[in-house]
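Q: Please take a close look at the sheet in this model. How is it put together, and what surrounds it?

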Amino acid sequence: MNQNTTHYSCNQCHVGVMQARYVTYFTRLGSELITVQNFPAYICDMCGRREYDEQSIYWLDAMLDPNAGKPTSSTRRTTPLPSRQTGFSHPMQDS
Ligand SMILES: [Zn+2]
């Protein structure tokens, strides 16, 4: 029994529980479709509502910002998240 697991009830159906999952996140940069694999999200087990980890969204926004783009950037299509992920608790870790 891990009391520290971050799950909370769904804002939409108020019945389901938001479960931490890794999903494939789609977003658009101009006319280009960006795919981010293993994106941390919370998904309702009842209605399927998705909420994404705020810090990861922030990180993604900052990285996709064309104003911050580096000329050597070749990470436009598929972007893995860095292994250090702050603010997102891993439900598997139970040590
Ligand atoms: Zn729900």
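A: The answer below goes through the sheet, then the helix beside it, then three single residues.

This is a predicted model, in which local features need pLDDT of at least 70 and side-chain atom pairs count only at pLDDT 80 or more, while totals for chains, interfaces and linings use all residues. Residues are numbered from 1 along each chain as its sequence is written.

The chain has 4 strands and 1 helix. Helices (H or I, at least four residues) and strands (E, at least two) are DSSP runs, numbered from the N terminus. Read from the N terminus, the order of the elements is β-β-β-β-α.

The 4 strands form an open sheet in the order S1-S2-S3-S4, and the pairing is antiparallel. Two strands pair if DSSP finds at least two bridges between them. Strand S1 (8-9) and strand S4 (50-52) are the edge strands, each pairing on one side only. Strand S2 (residues 17-29) and strand S3 (residues 32-44) run antiparallel and are joined by 11 bridges. Within this pair, Val23 stands opposite Phe39 in S3. Helix H1 (residues 54-64) packs on the sheet and touches S2, S3 and S4. Here, two residues are in contact if their C-beta atoms, placed from the backbone, lie within 7 Å. The direction of H1 makes about 170 degrees with that of S3; axes are lines fitted to C-alpha atoms, for helices over the stretch in contact, and angles run from 0 to 180 degrees between N-to-C directions.

Next come the single residues. A residue is buried if 20 or more other C-beta atoms lie within 10 Å of its own, exposed if 12 or fewer, and partly exposed in between, with C-beta atoms placed from the backbone. Gly48 is in the loop between S3 and S4, and it counts as exposed because it has 11 C-beta neighbours inside 10 Å. Gly48 and Met18 are 30 residues apart along the chain, and their C-alpha atoms are separated by 8.7 Å.

Most residues other than glycine have a negative phi. His14, in the loop between S1 and S2, has a positive phi near 60 degrees. His14 has 10 C-beta neighbours inside 10 Å, so it counts as exposed. Asn38, in strand S3, has a positive phi near 55 degrees. Asn38 is exposed because 12 other C-beta atoms lie within 10 Å.

For the chain as a whole, buried residues make up 11% of the 95 residues.
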